[in-house]
Amino acid sequence: MKVISYAEEHIVTTDEIADEVLKYARDLGRTKTADTIDIPALYQDGHVGQVHLLIGPSSQITVLESDQDSADIDGQQFIAELQRRSAAMRSQRAAVVGDEQYEAYDPDEPSDAA
């Protein structure tokens with residue numbers, strides 16, 4: 001188990017979830033965007049719930065090891081969703097490479113398409 005510390009709050013969750021939150025926060029920082037996520041977490045009274053969190057480029061998140069006993073937190077859907085969102089951010093940077101039609105393109109030259 002790990003503890004995600006954010007804005008003086010401490011969120012106890014699985015190692016996999018905490019690691020994925022850090023990766024997603026890094027990706028958000030790289031794209032200078034923010035997002036809200038619902039982190040599956042273990043509350044102090046022992047129940048498992050979600051913590052709604054806004055993260056973005058200026059988020060200061062730390063992850064610490066915890067001596068907390070393992071809890072049954074199902075995070076597979078959450079992890080898959082963060083990975084999907086990260087992949088979507090990366091796919092926004094499309095580039096055409098090696099296509100002769102575009103290599104000879106000059107924006108200052110009139111085109112035949114008009």
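# Contacts, core and helix packing

Student: Skip Y43's neighbours within four places in sequence. Which residues is Y43 in contact with?
Tutor: Y43 is in contact with G49, Q50 and V51. Contact means heavy atoms within 4.5 Å.

Student: What kind of model is this, and what pLDDT do local features need?
Tutor: It is a predicted model: local features need pLDDT of at least 70, side-chain atom pairs count only at pLDDT 80 or more, and totals for chains, interfaces and linings use all residues. Residues are numbered from 1 along each chain as its sequence is written, and side-chain values use heavy atoms, with hydrogens and water left out.

Student: Back to Y43. Where does it lie?
Tutor: Y43 lies in the loop between strand 3 and strand 4. Helices (H or I, at least four residues) and strands (E, at least two) are DSSP runs, numbered from the N terminus.

Student: Is Y43 buried, exposed or partly exposed?
Tutor: Y43 counts as partly exposed, because its relative accessibility is 33%. Buried means under 20% relative accessible area, exposed over 50%, and partly exposed in between (1.4 Å probe, protein chains only).

Student: How many Å apart in space are Y43 and I11, C-alpha to C-alpha?
Tutor: 7.9 Å, with their places 32 residues apart in sequence.

Student: Where is G46?
Tutor: G46 is in the loop between strand 3 and strand 4. It counts as partly exposed, at 47% relative accessibility. Its C-alpha is separated by 8.7 Å from that of A71, 25 residues apart along the chain.

Student: Zoom out. How many helices and strands are in the protein chain?
Tutor: There are 3 helices and 5 strands. Along the sequence the pattern reads β-β-α-β-β-β-α-α.

Student: What share of the 114 residues counts as buried?
Tutor: 32% of them.

Student: And the contacts between residues at least 6 apart in sequence: what share joins residues at least 24 apart?
Tutor: 60% in this protein chain.

Student: Now the largest nonpolar core. Which of its 24 residues touch the most other members?
Tutor: V21, I37, I39, I55 and F78. Two or more core residues come from each of strand 1 (2-6), strand 2 (9-13), helix 1 (15-31), strand 3 (35-42), strand 4 (48-55) and helix 2 (76-91). Helix 1 gives the most, with 6 residues. A nonpolar core is a set of buried Ala, Val, Leu, Ile, Met, Phe, Trp, Tyr and Cys residues joined through side-chain atoms within 4.5 Å.

Student: What does I37 touch, not counting residues up to four places away in sequence?
Tutor: I37 touches V21, Y24, V51, H52, L53, I55, F78, L82 and R85.

Student: V21 next. Where is it found?
Tutor: V21 is found in helix 1. It counts as buried, because its relative accessibility is 1%. Not counting residues up to four places away in sequence, V21 touches I4, I37, I39, F78 and L82. The C-alpha atoms of V21 and F78 are separated by 9.6 Å, with the two residues 57 apart along the chain.

Student: What about L22: buried, exposed or partly exposed?
Tutor: L22 counts as partly exposed, at 34% relative accessibility. It lies in helix 1. Leaving aside its neighbours within four places in sequence, L22 is in contact with I61 and V63.

Student: At what angle do helix 1 and helix 2 pack?
Tutor: About 20°, with their axes 10 Å apart. Helix 1 is therefore roughly parallel to helix 2. Axes are lines fitted to C-alpha atoms, for helices over the stretch in contact, and angles run from 0 to 180 degrees between N-to-C directions. Under 35 degrees counts as roughly parallel, over 145 as roughly antiparallel, 65 to 115 as roughly perpendicular and the rest as oblique.

Student: Which residues in helix 1 meet helix 2?
Tutor: E16, I17, E20, V21, Y24, D27, L28 and T31 in helix 1. They meet F78, I79, L82, Q83, R85, S86, M89 and R90 in helix 2.

Student: Last one, backbone. Which sign does the phi of E8 have?
Tutor: Positive, about 65°, although E8 is not a glycine. E8 lies in the loop between strand 1 and strand 2, and it counts as exposed at 77% relative accessibility. K32 also has a positive phi, about 55°, and is not a glycine. K32 is in the loop between helix 1 and strand 3.
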